[in-house]
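Welcome! Take a moment with the picture below, and then let's walk through it together.

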Amino acid sequence: MSESYLPSLLTDSPEAGFQLAIKLSRLGVKFTQPDAEVRDRLRPQYAQNADSLTMASQVVAINFQTVAAANNYWR
């Protein structure tokens with residue numbers, strides 16, 4: 001079996017947790033649209049759209065909530 005792309009939600013710090021949340025969000029897009037050429041073609045459309053950027057930020061925030069909870073909020 002190959003190495004897992006997501007071995008754990010546990011991180012050493014909130015900053016590392018936020019980076020993991022971003023990774024989770026990017027992986028979600030990659031799995032939803034596996035064709036890199038299509039993603040590249042669509043990127044300019046959402047990169048200039050405030051609503052799309054806000055929604056992307058919301059996805060990262062939701063993933064960060066998940067990571068934070070998994071890490072007991074780094075207490």
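How many helices and strands are there in the chain? There are three helices and zero strands, in a model that is predicted.

## The overall layout

Reading from the N terminus, you will meet the elements in the order α-α-α. The C-alpha atoms fill a box of roughly 40 × 35 × 15 Å, taken along the principal axes.

The chain has 75 residues, and buried ones make up 20% of them. It also helps to look at who touches whom along the sequence: of the contacts between residues at least 6 apart, 62% join residues at least 24 apart.

## The largest pocket

Now for some empty space. The largest pocket holds about 650 Å³. Three elements each give two or more residues to its lining: α1 (14-32), α2 (36-47) and α3 (50-70).

In total, 17 residues line this pocket, and those nearest its centre are Ser 25, Arg 26, Val 29, Tyr 46 and Ala 56. What kinds of residues make up the lining of the largest pocket? Nine are nonpolar, four are polar and four are charged.

## A closer look at Ser 25

Ser 25, one of the residues nearest the centre of the largest pocket, belongs to helix α1. Is Ser 25 buried or exposed? Its relative accessibility is 9%, so Ser 25 counts as buried, the cut-off being under 20%.

Which residues does Ser 25 contact, once its neighbours within four places in sequence are left aside? They are Val 59, Val 60 and Asn 63.

## Charges in helix α2

The structure holds one salt bridge. Its partners are Asp 40 and Arg 43, whose closest N and O atoms are 3.0 Å apart. Both residues lie in helix α2, and the three residues that separate them in sequence amount to about one turn of the helix. Asp 40 has a relative accessible area of 46%, and Arg 43 has a relative accessibility of 38%. Each of these values falls between the 20% and 50% limits, so Asp 40 and Arg 43 both count as partly exposed.

Helix α2 also contains Arg 39. This residue is buried yet has no salt bridge. Why does Arg 39 have no salt bridge? The nearest side chain of opposite charge, Asp 40, is 5.8 Å away, and a salt bridge needs the atoms within 4 Å, so the pair does not qualify. Not counting residues up to four places away in sequence, Arg 39 touches Val 29, Lys 30, Gln 33 and Pro 34. Val 29 appeared earlier in this report too, among the residues nearest the centre of the largest pocket.

## Two residues after α3

Let's finish in the segment after α3, where you can find Tyr 73 and Trp 74. What is the phi of Tyr 73? It is positive, about 55 degrees, although Tyr 73 is not a glycine. Trp 74 likewise has a positive phi, near 55 degrees, and is a residue other than glycine.

How do these residues stand in terms of accessibility? Tyr 73 has a relative accessible area of 47% and is partly exposed. For Trp 74 the value is 22%, and this residue is partly exposed as well.

Note on methods
Residues numbered from 1 in each chain as written. Predicted model: local features only at pLDDT ≥ 70, side-chain atom pairs only at ≥ 80, totals over all residues. Heavy atoms only, no water. 1 Å grid on protein atoms, 1.4 Å probe; cavity = no way out; pocket = protein on both sides within 12 Å on 5 of 7 lines; lining within 4 Å. Points joined across faces, edges and corners; volume = space filled by probe spheres on them. Helix = DSSP H or I, 4+ residues; strand = E, 2+ residues; numbered from the N terminus. Nonpolar A, V, L, I, M, F, W, Y, C, P; charged D, E, K, R; others polar. Buried < 20%, exposed > 50% of the residue type's maximum accessible area, 1.4 Å probe, protein only. Lys, Arg positive; Asp, Glu negative; His and termini not counted. Contact = heavy atoms within 4.5 Å.
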